[in-house]
Amino acid sequence: MTHLMIVGGGLAAATAAESLRSEGFDGDVTVVTDEAHAPYQRPPLSKGYLAGKEGLDAVIVHPREWYAENGIDLRTETTVTRIDPAAHSAEFARGTAATWDALLLATGSSPRRLPIEGHDLQGVHMLRRIGDSDSLAEQLRGGGKKLVLIGSGWIGMEVAATAREFGNDVTILGRDAVPLAAALGTELGGVFRRLHEQHGVDIRTSAQVERIIGSDRVTGVAVDGEVVPADLVLIGVGAVPNTGLAEASGIEINNGILTDASLRTSAPDVFAAGDVANAYHPVVQRHLRSEHWANALNAGPVAARAMLGQHVSFSAIPYFYTDQFDLGMELSGYPPLMADADLVIRGDREAREFIAFWVDHGRVVGGMNVNVWDVNETVQQLIRSAAPIDLAALADPGVALDSLVRD
Ligand SMILES: Cc1cc2nc3c(=O)[nH]c(=O)nc-3n(C[C@H](O)[C@H](O)[C@H](O)COP(=O)(O)OP(=O)(O)OC[C@H]3O[C@@H](n4cnc5c(N)ncnc54)[C@H](O)[C@@H]3O)c2cc1C
């Protein structure tokens, strides 16, 4: 009987397993995760779950029973320590091993470490797993704490919003001149900066963090020659792909596991999907590694079909969403093309109700809707069509957006 193995406990692993069965595969499927929970999605860990508004059921993709009902062998708390592509085998931390006919590496990414003095003091957190969110929530829930966030990326900004809503004092120490500048550019990063400042978050930019201070427990963060008092610190300085297994087995790595458009790695019958994969994108004609929820959601099924021998190509437009205070946004676009694009704004930026478009050589390559809903599919159609766009009409909320879509 054919045996397909998935390594990972995130959304890419869950959606791949689901697709193997929905595609009619009736052979053996094993999902191996080193976490205690069935595979889950992480966005709520800095938002609704952290805020106590959502429970575990909003986080776990399928309960354990689903795996049993679908004849999938789910092995939790099991680390895959080695894979051998030539022998088509995998070894587990408990000393056992198994063979497979095709293998999916959906090993995700881990928070980037910040090797400064004091990073291991009590009260210094990172956020990736359910347990991390639980222990942060426990500290923040009652309010009245001083939280210092090191890093002004998505995780820092989202946790800042949740922590403020609990009534904590929040300071963000960001290395860039504007929060989220790497993802959005300085103009749109400024929208998020103002949002946070209006909600009482102290944002310090171009900050050089020197060390974290305390004897056992953290008491402050030394930054630019002063000490910011802290009861709690969250380090959110990005993530690194978990490529160790692949690298040790000789699979090609370059900013993640390199794959072709069908999510095949350089080793026969080994595939990669989600945060860990740097996949060739047929539209932008280069490799893209996307650390976003929608990438894991959509790439898992494509990898599953590729494992079943189907001819597939993963060409989704990268998509991201966030919720912070009363701002909800969705962003679709190709980051490499957005880097040098011009911005066109439709709507009211000050009122935080607008769509921002990234336009490159007269074509829409990215779009972010802020507190404007049911438009992201149209934004994606505009990007996909790659047709020349009328800039005045694009900026005019009086012109229906879908009237601008060309085939
Ligand atoms: C707090 C937080 C908030 C986020 N919010 C958003 C958001 O608002 N919007 C958005 O688009 N994205 C968001 N993301 C990013 C999104 O969650 C990731 O892109 C997504 O989790 C990637 O899924 P994945 O399945 O590729 O990997 P992961 O979710 O990282 O899962 C990989 C799994 O593999 C396991 N594993 C690794 N190595 C082994 C091994 N050797 N053996 C066994 N198991 C192994 C890991 O423990 C982990 O369980 C957020 C991420 C975090 C942490």
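A residue is called buried here when its relative accessible area is under 20%, exposed when that area is over 50%, and partly exposed in between. Keep these limits in mind along the tour of this predicted model, whose residues are numbered from 1 as the sequence is written.

**The whole chain**

Begin with the protein chain as a cartoon, where the secondary structure comes to 11 helices and 26 strands. The radius of gyration is 22 Å, close to the 22 Å that the globule rule gives for 407 residues, so the chain is as compact as a globular protein of that length. If you turn the C-alpha trace along its principal axes, you will find that it spans about 60 × 60 × 35 Å.

Next, colour by burial: buried residues make up 54% of the 407 residues. Contacts tell a related part of the story, since among those with a separation of 6 or more, 60% join residues that are 24 or more positions apart. Switching to a surface view, you are looking at about 17,400 Å² of accessible surface, of which 46% belongs to carbon and sulfur atoms. Colouring by charge picks out 32 positive and 53 negative side chains, and the centres of these two sets lie 3 Å apart.

**Aromatic pairs around strand β22**

Now display the rings of Phe, Tyr and Trp, among which the count comes to 4 aromatic pairs. Select W154 and F320 for one of them: the ring centres are 4.5 Å apart and the planes stand at 40°, and because planes between the limits of 30 and 60 degrees count as tilted, the pair is tilted. W154 lies in helix α4 (residues 154-165) and F320 in strand β22 (residues 319-324), so this pair ties together parts that are 166 residues apart in sequence.

Are these two residues buried or exposed? W154 has a relative accessibility of 15% and therefore counts as buried, and F320, with a relative accessible area of 12%, is buried as well. Add F192 to the selection, and you have one aromatic cluster formed by W154, F192 and F320.

From F320, move along strand β22 to Y321, and select W293 with it. These two form an aromatic pair that is edge-to-face, with 5.5 Å centre to centre and 90° between the planes. W293 sits in helix α8 (residues 293-307), and the pair links distant parts of the chain, 28 residues apart. Both partners are partly exposed by the limits given above: W293 has a relative accessible area of 28%, and Y321 has one of 23%.

**Helix α4 again: I155**

Return to helix α4 and select I155, which at 35% relative accessibility counts as partly exposed. Leaving out residues up to four places away in sequence, I155 touches L127 and L234. For a distance across the model, draw a line from the C-alpha atom of I155 to that of S313; the two residues are 158 residues apart along the chain, and the line is 30 Å long.

**The loop before helix α8, and strand β17**

Select S290 next, in the loop between β21 (286-288) and α8. S290 is buried, with a relative accessible area of 12%. Which residues surround S290, once neighbours within four places in sequence are left aside? Showing its contacts brings up G274, D275, N295 and P318.

Then go to A239 in strand β17 (residues 239-241), a residue that is buried with a relative accessible area of 13%. Beyond the residues up to four places away in sequence, A239 touches S109, S110, P111, R112, R128, R289 and E291. V124 makes a useful second point for a distance label, as its C-alpha atom is separated from that of A239 by 17 Å, with the two positions 115 residues apart along the chain.

**Two loops with positive phi**

Finish with the backbone, selecting N255 in the loop between α7 (244-248) and β18 (257-259). N255 has a positive phi of about 50° although it is not a glycine, and at 45% relative accessibility it counts as partly exposed.

The last stop is L263, in the loop between β18 and β19 (270-272). Its phi is near 70°, again a positive value in a residue other than glycine. At 1% relative accessibility, L263 counts as buried.

Conventions:
This is a predicted model: local features need pLDDT of at least 70, side-chain atom pairs count only at pLDDT 80 or more; totals for chains, interfaces and linings use all residues. Side-chain values use heavy atoms; hydrogens and water are left out. Helices (H or I, at least four residues) and strands (E, at least two) are DSSP runs, numbered from the N terminus. The radius of gyration is taken over C-alpha atoms; the globule rule is 2.2 Å times the number of residues to the power 0.38. Buried means under 20% relative accessible area, exposed over 50%, partly exposed in between (1.4 Å probe, protein chains only). Contact means heavy atoms within 4.5 Å. Accessible areas come from the Shrake-Rupley method with a 1.4 Å probe; for residues, only the protein chains shown count as cover. Lys and Arg count as positive and Asp and Glu as negative; His and the chain ends are not counted. The place of a charge is taken as NZ of Lys, CZ of Arg, CG of Asp or CD of Glu. Rings of Phe, Tyr and Trp (its six-membered ring) pair if their centres lie within 6.5 Å; planes under 30 degrees apart count as stacked, over 60 as edge-to-face and the rest as tilted.
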